[in-house]
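Trainee: I should like to go through this entry with you and ask on what grounds each label is given. May we begin with the charges?

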Amino acid sequence: GAYKYLEELWKKKQSDVIRFVLRLRAWEYRQLTAIHRCTRPTRPDKARRLGYKKKQGFVIYRVRVRRGGRKRLVHKGMVHGKPANQGVNHLKFQRSLRSVAEERAGKRVKGLRVLNSYWVGQDATYKFFEVIMVDPFHKAIRRDPKINWICKGSMTHRELRGLTSTGKKHRGLRQKGHLSNQARPSRRANMKRRRLLQLRRYRQISSYLQIYFQKKK
């Protein structure tokens, strides 16, 4: 259908058409506020693949995030410590800008749940993302068995706990098997389990089990 044509068009981002459209949109997005609500998704094919439906309860927010690394916030560049830790400028943030966009959208509208997000454009200074958000209290969402899992209390602020797609990526959960064994359930929980010394107390076998073992002998 039409979505397939849109998908193929977005795959060729260096084509004349897409480059021209992205340049115009980047100018438009720069004039708007950093976080604003969209009337409809810019990339309907991508949004639908990530779970968006054009029905009540689904909302799209567009977020602008400044590009570049993360400068260390220290007074006059003085890091009081070992020389190995004295870098200030060439530091990189551990998470992607997309996860930062999800976090900012989630903080702006606290009553909605972040479902997913996708890239819509960038220029020399900013990257622009659209975040799919869901109203967990809307009847159209609560009655839909395909999406009402997001209404659970454990799904509050998924974006802050690395439960969205980009969050799982920076937690290292896209890999399986060798060299990713220590990433599950999380690096901290895995490390805690390995470092914790458990001296299990000897417990006396119950009388029922004693009778069972005697019969087997």
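Mentor: We may. The model is a predicted one, and in its chain the mean positions of the 60 positive and the 12 negative charges are 14 Å apart.

Trainee: What makes a residue count as positive or negative here?

Mentor: Lys and Arg count as positive, whereas Asp and Glu count as negative. His is not counted, so a histidine adds nothing to either total.

Trainee: How do you know how the chain compares with a compact globule of 217 residues?

Mentor: One sets the radius of gyration against the globule rule. A compact globule of 217 residues would have a value near 17 Å, but the chain has 24 Å. The C-alpha trace spans about 85 × 55 × 35 Å along its principal axes.

Trainee: What share of the residues is buried, and what share of the accessible surface belongs to carbon and sulfur atoms?

Mentor: Buried residues make up 32% of the 217. The accessible surface comes to about 16,100 Å², and 53% of that belongs to carbon and sulfur atoms. As for contacts with a separation of 6 or more, 60% of them are accounted for by residues 24 or more positions apart.

Trainee: Which secondary structure elements does the chain have, and in what order?

Mentor: There are eight helices and four strands. From the N terminus on, they run α-α-β-α-β-α-β-β-α-α-α-α.

Trainee: Why is cysteine 38 called buried?

Mentor: The label requires a relative accessible area under 20%. Cysteine 38 has 8%, and therefore counts as buried. Cysteine 151, at 18%, also falls under the cut-off and so counts as buried.

Trainee: How many disulfides are there?

Mentor: The count comes to zero. A disulfide would need a pair of cysteine sulfur atoms within 2.5 Å, so a count of zero means that no pair meets that limit.

Trainee: Why is aspartate 16 called exposed?

Mentor: Exposed means over 50%. Aspartate 16 reaches 66%, so the label applies. This residue belongs to helix H2, residues 16-31. From its C-alpha atom to that of arginine 142, 126 residues away along the chain, the separation is 43 Å.

Trainee: What makes leucine 97 partly exposed?

Mentor: Its relative accessible area is 22%, which lies between the cut-offs of 20% and 50%, and it is therefore partly exposed. Leucine 97 has its place in helix H4, residues 97-108. Leaving aside residues up to four places away in sequence, leucine 97 touches Val65, Arg66, Arg67, Lys127 and Phe129. Between leucine 97 and glycine 77, 20 residues apart in sequence, the C-alpha distance is 24 Å.

Trainee: Is arginine 95 buried, partly exposed or exposed, and why?

Mentor: Arginine 95 has 23%, which again lies between the two cut-offs, so it is partly exposed. The residue lies in the loop between strand S2 (58-66) and H4. With residues up to four places away in sequence not counted, arginine 95 touches Val100, Glu103 and His170. The C-alpha atoms of arginine 95 and lysine 110 are 21 Å apart, with their positions 15 residues apart along the chain.

Trainee: What is said of the backbone at histidine 157, and why is that residue called partly exposed?

Mentor: Histidine 157 has a positive phi of about 50 degrees although it is not a glycine. The residue is found in the loop between helix H5 (139-142) and H6. Its relative accessible area is 27%, between the limits of 20% and 50%, and hence the label is partly exposed.

Trainee: Why does leucine 179 receive the label it has?

Mentor: Leucine 179 has a relative accessible area of 74%, which is over 50%, so it is exposed. Although it is not a glycine, leucine 179 has a positive phi of about 70 degrees. It lies in the loop between H6 and H7.

Trainee: Which residues does the cis peptide bond join, and what is its omega?

Mentor: The bond joins arginine 184 and proline 185, with omega about -5 degrees. Proline 185 is in the loop between helix H6 (165-170) and helix H7 (187-195).

Key:
Residues are numbered from 1 along each chain as its sequence is written. This is a predicted model: local features need pLDDT of at least 70, side-chain atom pairs count only at pLDDT 80 or more; totals for chains, interfaces and linings use all residues. Side-chain values use heavy atoms; hydrogens and water are left out. Buried means under 20% relative accessible area, exposed over 50%, partly exposed in between (1.4 Å probe, protein chains only). Helices (H or I, at least four residues) and strands (E, at least two) are DSSP runs, numbered from the N terminus. The radius of gyration is taken over C-alpha atoms; the globule rule is 2.2 Å times the number of residues to the power 0.38. Contact means heavy atoms within 4.5 Å. Accessible areas come from the Shrake-Rupley method with a 1.4 Å probe; for residues, only the protein chains shown count as cover. The place of a charge is taken as NZ of Lys, CZ of Arg, CG of Asp or CD of Glu.
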